[in-house]
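Reader: Please give me a close look at how one part of this chain is placed, and then relate that part to its surroundings. I am in my first year, so I would be grateful for a formal, step-by-step account.

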Amino acid sequence: MTKKVDDYRLKLGKHELVPIMIGGMGVDISTADLALEAARLGGVGHISDAMLPTVSDRRYDTGFVKEKLQQYKANIDNSDKTLVKFDLGHIAESTRLHVSNTMERKRGPGMVFINVMEKLTMNSPRDTLRVRLHEAMSAGIDGITLAAGLHLGSFGLMEDHPRFRDVKLGIIVSSLRALQLFLRKNVKTNRLPDYIVVEGPLAGGHLGFGMDWAQYDLRTINNEIIQYLRAEKLDIPVIPAGGIFTGGDAVGFLQEGSAAVQVATRFTVSKECGLPADVQQEYFKASEDDIEVNGTSPTGYPMRMLKSSPSIGSGIRPGCESYGYLLDANGRCDYIEAYNREVAAHPNDKKVIVMDKTCLCTHMRNFKCWTCGHLTYRLKDTTRKAADGTYQSLSAEHIFKDYQFSTGNKIALPD
Ligand SMILES: Cc1cc2nc3c(=O)[nH]c(=O)nc-3n(C[C@H](O)[C@H](O)[C@H](O)COP(=O)(O)O)c2cc1C
């Protein structure tokens, strides 16, 4: 008989879950509503901890961004951003608000995790990451997925929290080497990850590969990691991600020993997703040629996005006094340098164009950087098109159940 995803379960401690995890999508693209649907249906959903002070202003009526801008206004024209620090109390409160509001609304047998990116260095990497991790645990999150970075010190930062051994902790890796490094560095905490997400080169967001991403293949890396863990007698669930578009794709991975799948792109066009409806139409319309991996992210990681993203070429003034999430430990960001270079080269222009880097904080916050998975060009095949050319948006439940119950590579269209 043809297998479906629902024939399998993901075991995390005493929890038995539908083996579908919706991946974290930063800056509130994977909303609480989306994550809560996954949990209600018995799977795992993610909220994201990216830029929570501004998310909190939008959702919970706080004024963190205004306060930060007020404090550092005098620095706006200064290219040196060393002084522009986050208030750790604001980070703590915004995390607490987002996590506790989400967890209070949780219904059903599934779980809600938070995606925490190490690359959000926030002009003080250790202190800010520590506060984000601690507050998420204190506010009752079910699990934390460590993303965008090697996270060699992150378990150490959490070790003294009372929930360190109770909250589910996972790491996203894109190679066996990164996993081995993580495991080796964390031996002293005497705590293994509860799950490992293996993210391949077709994923959305930042990639854990260089610009030669096309030479890598998720299945190969995933199998290598499964075999390594077996050989080491480490019983840790492995969860592949990136380009798993149908229930049939997912079953293929489950049959080969994966414990679940992490998916995201299919949900970018769900009603519960944070992307505005007009942006969702751009995702639906995209053809394969409209999608690229480029180096415009100042993090240094390649990032996949629609070529029509308004962020590309935009030469806005760096928004660090309001945001500043990508300032490194020395208060630097590659966008500031690219911007200053263009301003110096065109001193008389009112508006500059910056092609090589983007002010990612501002553009992600405003949904102007249209990051997406490689298979975004297939989204149009997952819905119906109206006579006026618009595509029908889908409920997260519809997409989730399509992954869960479909067989082969069939995709159920909405009613
Ligand atoms: C719009 C979008 C935003 C994303 N943002 C993040 C992020 O903030 N952090 C992260 O670890 N992964 C991020 N990802 C990656 C997903 O969590 C997921 O692992 C991956 O996209 C799964 O592949 P799929 O999109 O082909 O299903 C993002 C993906 C998309 C599509």
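Author: A residue counts as buried if 20 or more other C-beta atoms lie within 10 Å of its own, and as exposed if there are 12 or fewer. The model before you is a predicted one.

Let us begin with a single residue and apply that cut-off. Leu179 has 24 other C-beta atoms within 10 Å, and it is therefore buried. This leucine belongs to helix H7, which covers residues 176-185. When the neighbours within four places in sequence are left aside, Leu179 is in contact with Val173, Ile196 and Ile225. Leu69, by contrast, lies 110 residues from Leu179 in sequence and 39 Å from it in space, taken from C-alpha to C-alpha.

One of the contacts of Leu179 leads into the interior. Ile196 is among the residues with the most contacts inside the largest nonpolar core, together with Ile144, Val198, Ile239 and Val261. That core has 118 residues. Ile239 shows how such a residue is surrounded: leaving aside neighbours within four places in sequence, its contacts include Met21, Ile196, Val198, Ala260 and Val261. Thus Ile196 is a contact of Leu179 and also of Ile239.

Ile144, another residue named in that core, brings us to the strands. It lies in strand E6, residues 143-147, where five of the five residues are buried. In a regular strand the side chains alternate between the two faces of the sheet. In E6, Gly143, Thr145 and Ala147 point one way, while Ile144 and Leu146 point the other way, and all of them are buried.

Strand E6 is joined to strand E5 by five bridges, and the two run parallel. Two of the paired positions can be followed by eye: Asn115 has Thr145 of E6 as its bridge partner, and Met117 has Ala147. Strand E5 also pairs with strand E4 (residues 44-48), again in the parallel sense and over five bridges. In that pairing, His46 stands opposite Phe113 of E5.

Strand E5 is largely enclosed by the rest of the structure, because seven of its seven residues are buried. Met111, Phe113, Asn115 and Met117 point one way from E5, whereas Val112, Ile114 and Val116 point the other way; all are buried.

The chain then continues from E5 into a loop that leads to helix H5, residues 125-138, and Met122 is placed in this loop. Asn123 is found in that loop as well. Most residues other than glycine have a negative phi. Met122, although not a glycine, has a positive phi of about 50°. Asn123 likewise has a positive value, with phi near 60°. Are these two residues buried or exposed? Met122 is buried, because 24 other C-beta atoms lie within 10 Å of its own. Asn123 is buried too, since it has 23 such atoms within 10 Å.

Strand E5 also has a place beside the ligand. Of the 30 residues around the ligand, Gly23, Gly26, Gly204, Gly205 and Gly373 come nearest. The elements that give two or more residues to this shell are strand E5 (111-117) and strand E11 (261-263). By class, the shell holds 15 nonpolar, 14 polar and one charged residues.

For a contrast in strand direction, consider an open sheet of three strands in the order E9-E13-E12, whose pairing is antiparallel. Strand E9 (205-206) and strand E12 (291-294) stand at its edges; each has a single partner strand, so one side of each is left without a neighbour in the sheet. Strand E12 is joined to strand E13 (residues 303-306) by four bridges, and Glu292 stands opposite Met305 of E13.

Finally, these parts may be set within the whole chain. Its secondary structure comes to 13 helices and 15 strands. Of its 415 residues, 50% count as buried. Among contacts between residues at least 6 apart in sequence, 74% join residues at least 24 apart. The C-alpha trace spans about 70 × 60 × 40 Å along its principal axes. Why may the overall form be called that of a compact globule? A compact globule with 415 residues would have a radius of gyration near 22 Å, and the chain agrees with this because its own value is 21 Å.

Notes: Residues numbered from 1 in each chain as written. Predicted model: local features only at pLDDT ≥ 70, side-chain atom pairs only at ≥ 80, totals over all residues. Contact = placed C-beta atoms within 7 Å. Near = placed C-beta within 6 Å. Nonpolar A, V, L, I, M, F, W, Y, C, P; charged D, E, K, R; others polar. Pairing = 2+ DSSP bridges. Core = buried A, V, L, I, M, F, W, Y, C linked by C-beta atoms within 7 Å. Rg over C-alpha atoms; globule rule 2.2 N^0.38 Å.
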